[in-house]
Amino acid sequence: MDKKNQIQQLINSRKLSTDEEYVLFEGALQALHLNITIDDIAEICKAFDDDTKDDEVMFGIIHLIEQLQGEEYLKKIAICTPDMKEAHDWAMTLNKRIINSQKYFEKYIEIIGDLEKEYKEKILKLLVDVKNDNPKKFGDKINMLIERASFLIWKTKFSCKVFS
């Protein structure tokens with residue numbers, strides 16, 4: 001089975017409401033391990049579902065895509081997660097993991113600051129939801145991220161006007 005079909009199998013069995021769906025989901029996850037690229041993230045994110053019957057198995061998707069890492073990974077997460085309508089909680093979880101990462105948090109701020117306006121507005125809205133979900137844990141970091149990403153936007157616009 002090719003990668004496209006394996007990803008579709010993840011999507012089709014994401015509810016994990018039967019033993020058959022569980023077996024299909026796990027099989028697809030295993031087959032995709034170390035076989036995905038940055039370009040697959042948007043499709044794989046469609047396999048997340050807040051109404052799944054087994055949250056622990058759903059974490060398999062997180063581990064699958066997190067193996068990619070790096071700037072392109074962070075950019076794809078910033079662009080894709082706000083569109084995870086049936087998996088808003090999982091979208092927040094993916095972003096919480098980045099926010100909690102010493103390795104990636106600073107880079108995520110830069111990446112969000114460099115996004116096109118449409119994507120930037122969507123991810124910032126999602127990050128406000130993360131903040132509101134747990135203000136004690138994420139409030140300060142999200143506020144800093146929004147402030148610094150906004151500063152990067154202003155700085156870029158100002159630099160362009162000065163040097164144009």
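**Helical architecture and residue environments**

Leu 145 is found in helix α9, which comprises residues 135-163. In this predicted model, Leu 145 has a relative accessible area of 0% and therefore counts as buried. Beyond the residues up to four places away in sequence, Leu 145 touches Phe 105, Tyr 108, Ile 109, Ile 112, Leu 124 and Leu 127. The C-alpha atoms of Leu 145 and Ile 99 are 9.1 Å apart in space, while the two residues are 46 positions apart in sequence.

The overall fold is described next. The protein has nine helices and zero strands, and its pattern along the sequence reads α-α-α-α-α-α-α-α-α. The C-alpha trace spans about 60 × 35 × 25 Å along the principal axes. The protein contains 164 residues, of which 42% count as buried. Among contacts with a separation of 6 or more, 71% are made by residues 24 or more positions apart. The accessible surface comes to about 9500 Å², and carbon and sulfur atoms account for 50% of that surface. As for charge, there are 25 positive and 30 negative side chains; the centres of these two sets lie 8 Å apart.

The largest nonpolar core has 50 residues. Phe 48, Ile 65, Tyr 108 and Ile 112 are the residues with the most contacts inside this core. Two of these residues, Tyr 108 and Ile 112, are also among those touched by Leu 145. Ile 65 lies within the span of helix α4, residues 55-66. When residues up to four places away in sequence are not counted, Ile 65 touches Ile 36, Ile 41, Ile 44, Cys 45, Phe 48, Tyr 73, Ile 77 and Leu 94. Phe 48, itself listed with the most contacts inside the core, is thus one of the residues that Ile 65 touches.

Lys 96 is a charged residue with a buried position. Lys 96 is found in helix α6, residues 88-99, and counts as buried because its relative accessibility is 18%, the limit for a buried residue being under 20%. The side chains of Lys 96 and Asp 133 are joined by a polar contact of 2.6 Å. Apart from residues up to four places away in sequence, Lys 96 touches Val 130, Asp 133 and Phe 138. Asp 133 therefore appears both as the polar partner of Lys 96 and in the list of residues that Lys 96 touches.

Asp 51 has a contrasting environment. The place of Asp 51 is in the loop between α3 (41-45) and α4 (55-66). With a relative accessible area of 52%, Asp 51 is exposed, because exposed means over 50%. The C-alpha atoms of Asp 51 and Lys 15 are separated by 6.6 Å, although these residues are 36 positions apart along the chain.

Two leucines in loops have positive phi values. Leu 16 is found in the loop between α1 (3-12) and α2 (19-32), and its phi is about 55 degrees although the residue is not a glycine. Leu 34, likewise not a glycine, has a positive phi of about 65 degrees and is placed in the loop between α2 and α3. The accessibility of each leucine was also computed. Leu 16 is buried, with a relative accessible area of 7%, whereas Leu 34 counts as exposed at 70% relative accessibility.

Further buried positions occur in helices α1 and α7. Gln 6 lies in helix α1 and is buried, with a relative accessible area of 9%. Leaving aside neighbours within four places in sequence, Gln 6 is in contact with Met 1, Ala 28, Ala 31, Leu 32 and Asn 35. Gly 113 lies in helix α7, which covers residues 105-114. At 7% relative accessibility, Gly 113 counts as buried. The C-alpha atoms of Gly 113 and Arg 148 are 7.7 Å apart in space, and the two residues are 35 positions apart in sequence.

How values were computed: Residues numbered from 1 in each chain as written. Predicted model: local features only at pLDDT ≥ 70, side-chain atom pairs only at ≥ 80, totals over all residues. Heavy atoms only, no water. Core = buried A, V, L, I, M, F, W, Y, C linked by side-chain atoms within 4.5 Å. Buried < 20%, exposed > 50% of the residue type's maximum accessible area, 1.4 Å probe, protein only. Contact = heavy atoms within 4.5 Å. Helix = DSSP H or I, 4+ residues; strand = E, 2+ residues; numbered from the N terminus. Areas by Shrake-Rupley, 256 points an atom, 1.4 Å probe, with all protein chains shown as cover. Lys, Arg positive; Asp, Glu negative; His and termini not counted. Charge placed at Lys NZ, Arg CZ, Asp CG, Glu CD. Polar contact = N/O pair within 3.5 Å; in protein donor to acceptor, adjacent residues only side chain to side chain.
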